[in-house]
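Visitor: Hi! I've just started learning to look at protein structures. Could you walk me through this one?

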There are 2 protein chains.
Amino acid sequence: MSAEQPSKRTRTSPTYTLIYHPGLPGRGEFTRLALEASGTPYTDLGGEATWGSGDKKTKEALTGQVYATVAPDSLGEGNSPPVYALPALRVENAGTGGGPLVISQTGNMLAYLGAKIGLAGEEDGPDKWHVSELALTALDWTNEAHDTHHPVNMMAYYEDQLEESKKRSKDFREARCPKFLGYFERVLKGNKEKRDGEGKYLVGGKLTYADTTLWQVIDGLLYAFPKELEARKKDYPLIFETFYPTIKEEKGIKEYLASERRIKYSNGIFRKYPELDRQ
Amino acid sequence: MSAEQPSKRTRTSPTYTLIYHPGLPGRGEFTRLALEASGTPYTDLGGEATWGSGDKKTKEALTGQVYATVAPDSLGEGNSPPVYALPALRVENAGTGGGPLVISQTGNMLAYLGAKIGLAGEEDGPDKWHVSELALTALDWTNEAHDTHHPVNMMAYYEDQLEESKKRSKDFREARCPKFLGYFERVLKGNKEKRDGEGKYLVGGKLTYADTTLWQVIDGLLYAFPKELEARKKDYPLIFETFYPTIKEEKGIKEYLASERRIKYSNGIFRKYPELDRQ
């Protein structure tokens with residue numbers, strides 16, 4: 001899907017290009033999951049299928065395209081403002097004045113895509129504000145996961161802030177994760193009891209980008225803090241017994257997770273540092 | 001404005017209630033500024049005019065209403081999911097099924113309000129995604145400002161993480177602030193050169209909630225890190241000579257800032273700890 005030529009589809013549907021650092025799932029993964037779950041064609045500039053299989057020259061060219069988006073002197077493409085940080089989404093001919101629309105901020109990209117690809121709630125009515133709110137809350141949790149390994153200096157090496165990382169990780173494991181887990185368990189419970197979520201979905205009775213976003217955070221934490229999550233699973237049965245396995249098997253998601261397009265965790269937001277996990 | 005009785009307006013316009021911790025500008029302030037800039041009536045449950053002037057019993061009742069919103073066992077009001085953290089916005093009769101809509105996450109609240117109160121860009125067209133993106137980026141900066149005094153444990157005292165706070169503040173002052181300032185300076189420049197922003201506005205030619213949000217971050221940082229910002233002002237002339245003073249004088253904002261409704265900075269996100277500022 002990622003390698004599809006956008007030019008062939010220009011007249012019939014929007015062409016989406018996801019722009020993100022090559023080789024990492026990172027924050028690009030939230031948008032990938034939404035696009036894959038909805039079967040939406042897209043070009044993934046830093047994605048494994050586009051970038052990983054190319055020769056050196058192709059990779060350099062693709063990397064150049066990615067980093068041009070966040071060039072430190074850019075005033076933005078067309079009428080779009082410059083991008084502060086990746087990921088970004090480019091949509092041809094969708095900007096003010098007919099040029100490209102280039103937008104960033106994952107929560108914003110997902111809200112933009114959500115309504116267009118059918119992942120913003122059942123009627124694109126009031127529910128869409130809950131979908132957005134829950135995705136932003138899951139993304140806050142992601143930021144806190146990132147800060148476990150970079151608590152005091154964002155650009156310095158992890159090894160140079162190891163002691164602070166241990167303190168922050170203790171707070172993350174013992175206070176923040178239970179707070180977020182307890183919260184999302186209640187969201188699932190409320191949507192099960194009052195509507196038709198069945199414990200499978202956060203808002204209403206079908207998949208939204210709030211689900212794919214929360215799923216990715218849980219999946220990342222299962223990788224980064226396996227012992228901590230294992231010990232807590234029993235306290236959050238809807239999350240771990242219903243929600244997580246259901247979303248994993250959703251059409252589009254299942255095929256994606258089994259494909260070579262799914263990038264392995266490594267040195268991004270979710271990192272496996274056993275010394276930061278429960279001992 | 002804050003003390004207006006919502007019941008009188010039910011039939012003619014939505015009734016907005018801002019729900020936030022009493023006595024702090026904090027993250028509630030971003031929504032207050034948007035409502036004030038647009039002259040939108042609202043009830044401000046934790047606001048100075050509602051909460052500060054009441055007797056003990058009234059204050060307790062208001063505080064009870066505020067914290068009921070984030071009760072740790074809540075499944076959410078009506079068909080709205082529970083709220084993870086304040087601020088929240090309640091809109092009567094606007095939820096799925098006709099009940100109240102209760103939404104949280106500042107960026108989401110601002111996006112919801114933006115189109116309704118005329119602060120989402122000139123045509124509520126493609127620009128609205130840029131307004132949202134820039135507001136979210138300014139809110140990220142706010143989160144980083146918060147973490148300067150709580151870098152390793154969100155609930156522990158500042159005094160117990162002073163050494164870590166000094167390290168994080170150094171990175172915030174020397175790397176993060178210049179990155180955000182340089183970015184927003186470029187956004188203002190691009191919107192001045194390519195459209196009609198005049199250096200006054202971030203997107204298009206009139207005020208949006210991206211402007212009020214960025215303004216509040218700069219204002220908070222001028223309070224919290226006065227020496228650092230003073231030393232950097234000359235490098236970002238559009239921000240400090242055009243944008244910041246213009247927004248301060250906008251209709252609605254000017255009157256609000258001079259009113260008793262504007263809560264003073266104290267122990268919220270933006271704190272004046274001279275030991276964390278430039279020495």
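Guide: Happy to, and let's begin with a word on labels: UniProt annotations may be inferred rather than shown by experiment. Keep in mind too that this is a predicted model.

Visitor: Which UniProt annotation covers residues 14-121 of chain A?
Guide: The ends of that span have C-alpha atoms 21 Å apart, and the stretch is 37% helix and 14% strand. The name comes from an unreviewed UniProt entry, which calls residues 14-121 of chain A "domain: GST N-terminal".

Visitor: And what share of residues 131-276 of chain A is helix?
Guide: UniProt, again in an unreviewed entry, lists those residues of chain A as "domain: GST C-terminal". The end C-alpha atoms sit 31 Å apart. Strand makes up 0% of the stretch, while helix makes up 64%.

Visitor: Let's talk strands. In what order do the four strands of the open sheet in chain A run?
Guide: Strands in a sheet pair through backbone hydrogen bonds, in a parallel or an antiparallel way. In this open sheet of chain A the pairing is mixed, and the order is E2-E1-E3-E4.

Visitor: Which strands of chain A stand at the edges?
Guide: Look for a strand with a single partner, because one side of it is then left without a neighbour in the sheet. Going from one strand to the next, the twist averages 20 degrees. The edge strands of chain A are E2 (42-44) and E4 (101-104).

Visitor: Which residue in E4(A) stands opposite Ala88(A)?
Guide: Strand E3 of chain A takes in residues 88-91 and pairs with E4(A) in the antiparallel sense, over four bridges. Across from Ala88(A), in E4(A), you'll find Ser104(A).

Visitor: Now the two chains. What kind of axis relates chain A to chain B?
Guide: To lay chain A on chain B, you turn by 180 degrees and shift by 0.0 Å along the axis, with an RMSD of 0.0 Å. That is why the relation is that of a two-fold axis.

Visitor: In chain A, which residue has the C-alpha nearest the axis?
Guide: The C-alpha in question is 3.0 Å from the axis. The same surface serves both copies, with 100% of the contact residues of chain A recurring in chain B. As for the residue nearest the axis in chain A, that's Pro151(A).

Visitor: Are H7(A) and H9(A) roughly parallel or roughly perpendicular?
Guide: Two packed helices are described by the angle and the distance between their axes. Here the axes of H7 (residues 209-224) and H9 (residues 237-249) of chain A come within 10 Å and cross at roughly 110 degrees. Contacts include Trp215(A) of H7(A) and Phe243(A) of H9(A). Angles of 65 to 115 degrees count as roughly perpendicular, so H7(A) and H9(A) are roughly perpendicular.

Visitor: At roughly what angle do the axes of H1 and H4 of chain B cross?
Guide: Helix H1(B) is roughly parallel to H4(B). Among the residues that meet are Phe30(B) in H1(B) and Met109(B) in H4(B). The axes of H1 (residues 28-37) and H4 (residues 106-117) of chain B come within 10 Å, and they cross at roughly 5 degrees.

Visitor: One last pair: what is the handedness of the crossing where H5(B) passes H7(B)?
Guide: In chain B, the axes of H5 (residues 127-149) and H7 (residues 209-224) come within 8 Å and cross at roughly 20 degrees. That makes H5(B) roughly parallel to H7(B). Residues that meet include Trp141(B) in H5(B) and Leu214(B) in H7(B). The crossing of H5(B) and H7(B) is left-handed.

Note on methods. Residues numbered from 1 in each chain as written. Chains lettered and ligands numbered in written order. Predicted model: local features only at pLDDT ≥ 70, side-chain atom pairs only at ≥ 80, totals over all residues. Heavy atoms only, no water. Pairing = 2+ DSSP bridges. Helix = DSSP H or I, 4+ residues; strand = E, 2+ residues; numbered from the N terminus. Axes fitted to C-alpha atoms, helices over the stretch in contact; angles between N-to-C directions. Least-squares fit on C-alpha atoms with pLDDT ≥ 70 in both. Contact = heavy atoms within 4.5 Å. Parallel < 35°, antiparallel > 145°, perpendicular 65-115°, else oblique. Left-handed = near helix turned anticlockwise from the far one by under 90°.
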